[in-house]
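Welcome! Open your viewer, get ready to select residues by number, and follow along one stop at a time.

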Amino acid sequence: MTSKTAPSSDWLDQVKWDADGLVPAIAQDYQTGRILMMAWMNREALTLTVKEQRAIYYSRSRQTLWRKGESSGHVQHLHELRLDCDADVIVMQVDQVGGIACHTGRESCFYKVYENDEWIAVDPVKKDPSDIY
């Protein structure tokens, strides 16, 4: 488990940030191992994720921090944070509140499977997005 105290910046300097100062972050269900979503983090988002013990991303389209679940209630509580061998991808094992990570109302953003030259949606919508946002 990560510390709730203010972290030093040394660990942040070990991350290979892209030209825009971002790193891809994958959220994975800590119990099942299912990949829930991928989003981007900047230094502030990653620092706050550790400090608050919940997933906080950087929205490239809005150019601002995005606390997962701030409008939907589908917060991701942090259980473990990992950095890959190249130091350019973050994986977070999380407890997904409400069982919905995707803005489409599904458990995972990875709900389409490639079959016979097309992408087929195979996971059910758990909640209508209009009821969430």
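The tour below goes from a helix to the core, then to ring pairs and salt bridges.

Before you start, note that this is a predicted model, in which local features need pLDDT of at least 70 and side-chain atom pairs count only at pLDDT 80 or more, while totals for chains, interfaces and linings use all residues. Residues are numbered from 1 along each chain as its sequence is written, and side-chain values use heavy atoms, with hydrogens and water left out.

**Stop 1: helix H2**

Select residues 43-52, which make up helix H2. Helices (H or I, at least four residues) and strands (E, at least two) are DSSP runs, numbered from the N terminus. Which residues of H2 are buried? They are Ala45, Leu46, Leu48, Thr49 and Val50. Here buried means under 20% relative accessible area, exposed means over 50%, and partly exposed lies in between (1.4 Å probe, protein chains only).

Now show what surrounds them. The buried residues of H2 pack against helix H1 (10-13) and against strands E2 (35-41), E3 (56-59), E4 (64-67), E5 (76-83) and E6 (90-96); contact means heavy atoms within 4.5 Å.

Look at the two ends next. Asn42 caps the N-terminal end of H2, with a side-chain oxygen 3.2 Å from the backbone nitrogen of Glu44. Just after H2, Gln53 has a positive phi of about 60°.

**Stop 2: the largest nonpolar core**

Select Ala27, Met41, Leu46, Tyr57 and Met92: of the 25 residues in the largest nonpolar core, these touch the most other members. Such a core is a set of buried Ala, Val, Leu, Ile, Met, Phe, Trp, Tyr and Cys residues joined through side-chain atoms within 4.5 Å. Two or more residues come from each of strand E1 (23-29), E2, H2, E3 and E6. E2 gives the most, with five residues.

**Stop 3: aromatic rings**

How many aromatic pairs does a search of the whole structure find? It finds two. Rings of Phe, Tyr and Trp (its six-membered ring) pair if their centres lie within 6.5 Å; planes under 30 degrees apart count as stacked, over 60 as edge-to-face and the rest as tilted.

Show Tyr57 and Trp66: their ring centres are 5.0 Å apart and their planes at 40°, so this pair is tilted. Tyr57 is buried, at 0% relative accessibility, whereas Trp66 is partly exposed at 21%.

The rings of Tyr114 and Trp119 have centres 5.5 Å apart and planes at 65°, so they are edge-to-face. Tyr114 is partly exposed at 47% relative accessibility, and Trp119 is exposed, with a relative accessible area of 61%.

**Stop 4: salt bridges**

Finish with the charged side chains. A salt bridge is a side-chain nitrogen of Lys or Arg within 4 Å of a carboxyl oxygen of Asp or Glu, and the count comes to five.

Select Arg43 and Asp13, whose closest N and O atoms are 3.0 Å apart in a salt bridge. Arg43 lies in H2 and Asp13 in H1, so the pair ties together parts 30 residues apart in sequence.

Move on to Arg67 and Glu52, which meet in a salt bridge at 2.7 Å, N to O. This pair links strand E4, home of Arg67, with helix H2, home of Glu52, 15 residues apart.

For the last view, show Arg34 and Glu107, in a salt bridge at 2.8 Å, N to O. Arg34 is in the loop between E1 and E2, and Glu107 is in the loop between E6 and strand E7 (112-115), 73 residues apart. Add Asp123 to see the network of salt bridges that links Arg34, Glu107 and Asp123.

Definitions and conventions
A polar contact is a pair of N or O atoms within 3.5 Å; within protein, one must be able to donate a hydrogen and the other to accept it, and residues adjacent in sequence count only if both atoms are side-chain atoms.
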